[in-house]
Amino acid sequence: MRLKQSRIENYFWKPRIIRKDKEGSSCEEYGAAVSFRGESWPVSGKTQAEKYGQRLPYVRNLKIEGRYIAKADDKGRMHYDFGGGFDVRELDGICIYAEAGQKPDYKIISIKAYRTLTLEVEHI
């Protein structure tokens, strides 16, 4: 399945980083932004409507342009490496409407490893 050229835009990916504060509690931060090109559209269809229910208006599909290599880390979590520091994982941040210097406005909730990597992202 190809990307629709008229809908391709630039987005920003930010890796999720888990840190411990001085009290020992873990907190979530996001790293430096990496630009990528992709196609985004709202979720639709019966399957996604059943899956997300009330959250449906806050979820979008996002297809990423480019070739990737799927690999697992030492804990068995899948990474999708596009090269150049662009290594996508679930729960990473995506800036669809936000700028690179802002906090991400979406997080990755599902990754489908088709020919083009397809993500389902939810508004934070």
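One helix and eleven strands: that is the secondary structure of the protein chain, and I should say at once that this is a predicted model. If you walk along the sequence, the order is β-β-β-β-α-β-β-β-β-β-β-β. So the helix follows four strands, and seven strands come after the helix.

Next, overall dimensions. The radius of gyration is 15 Å, and a compact globule with 124 residues would be near 14 Å, so the chain agrees with that expectation. Along the principal axes, the C-alpha atoms fill a box of roughly 45 × 35 × 30 Å.

Now the inside and the surface. Of the 124 residues, 37% are buried. The chain exposes about 7900 Å², and 49% of that area is supplied by carbon and sulfur atoms. As for charge, there are 23 positive and 18 negative side chains. The centres of these two sets lie 4 Å apart.

On contacts: take those between residues at least 6 apart in sequence, and 48% of them join residues at least 24 apart.

One piece of local detail, the hairpin made by S6 and S7. Strand S6 covers residues 69–72 and strand S7 covers residues 78–83. The two pair in the antiparallel sense, over four bridges. If you want a place to look on the screen, find Lys71, whose bridge partner in S7 is His79. Between the two strands sit five residues. Gly76 is in that turn, with a positive phi of about 85°.

A general reminder for reading any of the strands: in a regular strand, side chains alternate between the two faces of the sheet.

Terms used. Residues are numbered from 1 along each chain as its sequence is written. This is a predicted model: local features need pLDDT of at least 70, side-chain atom pairs count only at pLDDT 80 or more; totals for chains, interfaces and linings use all residues. Side-chain values use heavy atoms; hydrogens and water are left out. The radius of gyration is taken over C-alpha atoms; the globule rule is 2.2 Å times the number of residues to the power 0.38. Buried means under 20% relative accessible area, exposed over 50%, partly exposed in between (1.4 Å probe, protein chains only). Contact means heavy atoms within 4.5 Å. Accessible areas come from the Shrake-Rupley method with a 1.4 Å probe; for residues, only the protein chains shown count as cover. Lys and Arg count as positive and Asp and Glu as negative; His and the chain ends are not counted. The place of a charge is taken as NZ of Lys, CZ of Arg, CG of Asp or CD of Glu. Two strands pair if DSSP finds at least two bridges between them.
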